[in-house]
Amino acid sequence: MSEGKIADLVRSGMTRFQIGIQSINEETNRSVYHRPFNRTRLLQTIKAMSKYRWKVQLMYDFILDNPWESDESRLESLRFLRHIPGPRTINIFSLAVYPGTTLYRRAIEEGRLLTHGKDHMNDFACTSINTLFILHARYGGPISIVLALARLRKVAWESTRPGF
């Protein structure tokens with residue numbers, strides 16, 4: 001979105017701006033969510049919106065628990081959060097696939113249906129990466145500390161939580 005459009009929206013009374021990023025991974029956005037994605041344009045929009053972050057509530061949405069997304073891709077999204085200046089709100093949701101949808105049929109066919117007992121988009125799988133997203137998004141954990149913990153996750157989490 002251009003800076004001019006954003007300025008016009010703010011002048012006309014916009015009070016909240018929400019971007020559904022979902023994942024920072026281009027392949028995930030294209031193949032799973034069927035959404036065009038351009039990281040450069042996203043960064044330009046974030047930069048343009050950040051000029052108004054004291055006037056407009058800025059919200060950015062990410063989807064967790066995507067069985068088609070690798071841990072490295074999830075970590076890439078987590079690391080991307082440092083490029084989004086505050087104040088802002090990071091919303092996180094667990095991927096919900098509903099019976100009768102194309103995504104549900106695909107998950108069944110590929111044996112990727114989430115099985116951690118979730119029944120809602122706010123019911124997250126118990127993984128170290130989800131925990132780090134929650135620490136930052138829900139509890140305001142500083143991104144620098146969250147990313148330091150991400151570097152330690154293999155030692156500090158997975159080795160003590162067999163099966164995750």
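Visitor: Where is proline 87 found?

Guide: Proline 87 sits in the loop between α4 and β3 (helices, H or I with at least four residues, and strands, E with at least two, are DSSP runs numbered from the N terminus). Bear in mind that this is a predicted model, where local features need pLDDT of at least 70, side-chain atom pairs count only at pLDDT 80 or more, and totals for chains, interfaces and linings use all residues. Residues are numbered from 1 along each chain as its sequence is written, and side-chain values use heavy atoms, with hydrogens and water left out.

Visitor: Okay, and what kind of peptide bond joins glycine 86 and proline 87?

Guide: That one is a cis peptide bond, and omega for glycine 86 and proline 87 is about 0°.

Visitor: Switching loops: what about phi of histidine 34?

Guide: Phi of histidine 34 is near 50°, a positive value in a residue other than glycine. You'll find histidine 34 in the loop between α2 (26-31) and α3 (39-50).

Visitor: Now the sheet. How many strands, and in what order?

Guide: Three strands make an open sheet, ordered β1-β2-β3, with parallel pairing (two strands pair if DSSP finds at least two bridges between them). At the edges are β1 (16-22) and β3 (89-94), each pairing on one side only.

Visitor: How much are neighbouring strands turned against each other?

Guide: By 20° on average in this sheet, direction ignored (axes are lines fitted to C-alpha atoms, for helices over the stretch in contact, and angles run from 0 to 180 degrees between N-to-C directions).

Visitor: Which helix packs on the sheet?

Guide: Helix α6 (residues 128-137) does, touching β2 and β3 (contact means heavy atoms within 4.5 Å). The direction of α6 makes about 145° with that of β3.

Visitor: Back to the strands. How many bridges do β1 and β2 pair over?

Guide: Six bridges, in the parallel sense, between β1 and β2. To pick out a partner, isoleucine 19 is bridged to tyrosine 60 in β2.

Visitor: What holds strands together anyway?

Guide: Strands of a sheet pair through backbone hydrogen bonds, either parallel or antiparallel.

Visitor: New topic: how many aromatic pairs does the structure hold?

Guide: One aromatic pair (rings of Phe, Tyr and Trp, taking its six-membered ring, pair if their centres lie within 6.5 Å; planes under 30 degrees apart count as stacked, over 60 as edge-to-face and the rest as tilted).

Visitor: Why is the pair of phenylalanine 62 and phenylalanine 133 called tilted?

Guide: Because the planes of the phenylalanine 62 and phenylalanine 133 rings are at 45°; their centres are 6.0 Å apart.

Visitor: And where in the chain are those two?

Guide: Phenylalanine 62 is in strand β2 and phenylalanine 133 is in helix α6. They're 71 residues apart, and the pair links distant parts of the chain.
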